[in-house]
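Colleague: Before I use this model for anything quantitative, I would like a close look at one part of it, together with whatever packs against that part. Please keep the cut-offs explicit as you go.

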Amino acid sequence: MGSKYTKRYTEEFKRDAIALVDSSGKTVTAVARELGISSESLRGWYRKAKADRGEGQSGELASAEREELQRLRKENREQQQTIEILKKATAFFVKENDR
């Protein structure tokens, strides 16, 4: 994932950097260079901000949709685990009743 030396930027810094890209007319790479940050980081923030505003590429999820999808996948995993436990318990009790 990330190294322990990965810089963390505040949401305010990210918003300001994105606004600078929008207002300056400069490329993401040029703005990133000026700010002394990775162009890939700024590009990712910018792409995510555009998706949140509904300006992203088709099929790109907004943050709220991404969070909901993550929550639903977790819930689905938990339900699948519960189903497996119940199947095993049912099989166990069926064997016990046959004795």
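Among the elements of the protein chain, which one has the lowest mean pLDDT, and which has the highest?

Modeller: Helix H3 has the lowest mean pLDDT of the elements, at 89, and H2 the highest, at 93; pLDDT is the predictor's confidence in each residue, from 0 to 100. This is a predicted model, in which local features need pLDDT of at least 70 and side-chain atom pairs count only at 80 or more, while totals for chains, interfaces and linings use all residues. Residues are numbered from 1 along each chain as its sequence is written, and side-chain values use heavy atoms, without hydrogens and water. Over the protein chain the average pLDDT is 87, with 90% of the residues scoring at least 70.

H3 covers residues 39-52 and packs against H2, residues 28-35, with the axes 8 Å apart and an angle of about 120° (axes are fitted to C-alpha atoms over the stretch in contact, and angles run from 0 to 180 degrees between N-to-C directions; helices are DSSP runs of H or I with at least four residues). That angle makes H2 oblique to H3 (under 35 degrees is roughly parallel, over 145 roughly antiparallel, 65 to 115 roughly perpendicular, the rest oblique). On the H2 side the contact (heavy atoms within 4.5 Å) is made by Val28, Thr29, Val31 and Ala32, and on the H3 side by Ser39, Leu42, Arg43 and Tyr46. By class, these are 5 nonpolar, 2 polar and 1 charged residues.

Turning to the other partner, the axes of H1 and H3 come within 10 Å and cross at roughly 85°, which makes H1 roughly perpendicular to H3. From H1 the contact takes Phe13, Lys14, Ala17, Ile18, Val21 and Asp22, and from H3 it takes Leu42, Trp45, Tyr46 and Ala49. Here the residues divide into 8 nonpolar, no polar and 2 charged. Leu42 and Tyr46 of H3 therefore appear in the contact with H1 as well as in the contact with H2.

Asp22 also forms a salt bridge with Arg53, the closest N and O atoms being 3.3 Å apart (a side-chain nitrogen of Lys or Arg within 4 Å of a carboxyl oxygen of Asp or Glu). Because Asp22 lies in H1, residues 11-24, and Arg53 in the loop between H3 and H4, residues 63-98, the pair ties together parts that are 31 residues apart in sequence. The structure holds 6 salt bridges.

The two partners of H3 also pack on each other: H1 and H2 have axes 10 Å apart at an angle of about 130°, which makes H1 oblique to H2. Phe13, Ala17, Leu20, Val21 and Ser24 of H1 meet Val28, Val31 and Leu35 of H2.

Conventions:
Helix = DSSP H or I, 4+ residues; strand = E, 2+ residues; numbered from the N terminus. Nonpolar A, V, L, I, M, F, W, Y, C, P; charged D, E, K, R; others polar.
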